[in-house]
Amino acid sequence: MIILCDIDNVVINTTEAVIAQYNEECNDNLVIDDVKSYWMEQYVKPEHRENFFEFFLMKETWKRAKAINVEAVQWLIDNHEVYFVTATQSDNVKKKSNFLKRTFKNIDVEDRLIKANHKELVMGDIIIDDYPKNLETSPCAEKVCIAYPWNSDYNGERFSSVSEYILKRFGVQV
């Protein structure tokens, strides 16, 4: 099967890293549970909303980022054809590519990384993502939503982790 795997908040804890960097620089106390919609700039101090996207580009933010769901995604890689699909700013493609290379050493990341701001144009059998719009518009037959506060109103099934999905779908404990 061809599996399209989002990077942010599925393989990398991007939102947590951005929030931590924002809180440090702006003297705020935002937590991930406060973020109830995908466009999180509405939850930051008003004076930081317009340029909030810059936190996603900061070197310091990427130093804070940690890999998540590694064993589960590795199992998918070992058993299926996995492509990492990300809707990101061009400046972040290299950062994400390097992160994936450090995390998953047994695949050619350059061959498996797709930058697509319109994920609905990417074909596969399964899509794993945290953004409801990407799931709802995807042509993939199977849509896997990784649960976060901003997707609590998603109409499909939500999973707390990729491992939980693998257990339910494939009967394998990872």
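These are my notebook entries on a predicted model, written while I looked up its sheet, cores, pocket and a few single residues.

**Entry 1: the sheet**

I started with the strands. I found an open sheet of 6 strands, and its order reads 3-2-1-4-5-6 with parallel pairing. Which strands sit at the edges? I noted strand 3 and strand 6 (158–159), since each of them pairs on one side only.

**Entry 2: strand 1 and its partners**

Next I looked up strand 1 (2–6). How many of its 5 residues are buried? I got 4, and I wrote the strand down as mostly covered.

On one side I followed strand 1 to strand 2 (81–86). The two run parallel and are joined by 5 bridges. I picked out two of the pairs: isoleucine 3 has valine 82 as its bridge partner in strand 2, and aspartate 6 has valine 85.

I then checked strand 1 against strand 4 (126–129). This pair is also parallel, and here I wrote down 3 bridges. Cysteine 5 is partnered with isoleucine 128 of strand 4.

**Entry 3: strand 2 and the two ends of the sheet**

Why do I call strand 2 largely enclosed by the rest of the structure? Because 5 of its 6 residues are buried. For a residue to count as buried, its relative accessible area has to be under 20%.

Going outwards from strand 2, I reached strand 3 (residues 113–115), which runs parallel to strand 2 and is held to it by 3 bridges. I saw that threonine 86 stands opposite lysine 115 there.

At the other edge I looked at strand 5 (142–146). Strand 5 and strand 6 run parallel, with 2 bridges between them. Isoleucine 146 faces phenylalanine 159 of strand 6.

**Entry 4: the nonpolar cores**

I turned to the largest nonpolar core and wrote down 44 residues for it. Which of them have the most contacts inside this core? My list is Val11, Phe84, Ile128 and Val162. Both strands and helices feed this core: strands 1, 2, 4 and 5 each supply at least two residues, and so do helix 1, helix 4 (70–79), helix 5 and helix 8 (162–170).

I also noted a second, separate core of 10 residues, with Leu4, Ile127, Leu135 and Tyr154 among them.

I gave isoleucine 128 a closer look, since I had already met it as the partner of cysteine 5. Skipping its neighbours within four places in sequence, I found contacts with Ile3, Leu4, Cys5 and Asp6, and also with Val10, Leu76, Val144, Ile146 and Val162.

**Entry 5: the largest pocket**

How much space lies in the largest pocket? I have about 730 Å³ in my notes. I counted 32 lining residues, and those nearest the centre are Tyr38, Trp39, Phe56, Ala87 and Thr88. The elements that give two or more residues to this lining are helix 1 (14–26), helix 5 (90–103) and helix 7 (132–137). Helix 7 gives the largest share, with 3 residues.

I sorted the lining by class too: 11 residues are nonpolar, 11 are polar and 10 are charged.

**Entry 6: three asparagines**

I finished with single residues. Is asparagine 92 buried or exposed? Its relative accessibility is 2%, so it counts as buried. I found it in helix 5. Leaving out residues up to four places away in sequence, asparagine 92 touches Phe56, Leu57 and Trp62. One of these, Phe56, was already on my list for the pocket centre.

Asparagine 9 caught my eye for its backbone: phi is positive, about 70°, although the residue is not a glycine. It is in the loop between strand 1 and helix 1. With a relative accessible area of 5%, asparagine 9 is buried.

Asparagine 69 has a positive phi as well, near 60°, and is not a glycine either. Where does asparagine 69 lie? I placed it in the loop between helix 3 (59–64) and helix 4. Its relative accessibility is 18%, and the cut-off for buried is under 20%, so I put asparagine 69 down as buried.

Conventions:
Residues numbered from 1 in each chain as written. Predicted model: local features only at pLDDT ≥ 70, side-chain atom pairs only at ≥ 80, totals over all residues. Heavy atoms only, no water. 1 Å grid on protein atoms, 1.4 Å probe; cavity = no way out; pocket = protein on both sides within 12 Å on 5 of 7 lines; lining within 4 Å. Points joined across faces, edges and corners; volume = space filled by probe spheres on them. Nonpolar A, V, L, I, M, F, W, Y, C, P; charged D, E, K, R; others polar. Core = buried A, V, L, I, M, F, W, Y, C linked by side-chain atoms within 4.5 Å. Buried < 20%, exposed > 50% of the residue type's maximum accessible area, 1.4 Å probe, protein only. Contact = heavy atoms within 4.5 Å. Pairing = 2+ DSSP bridges.
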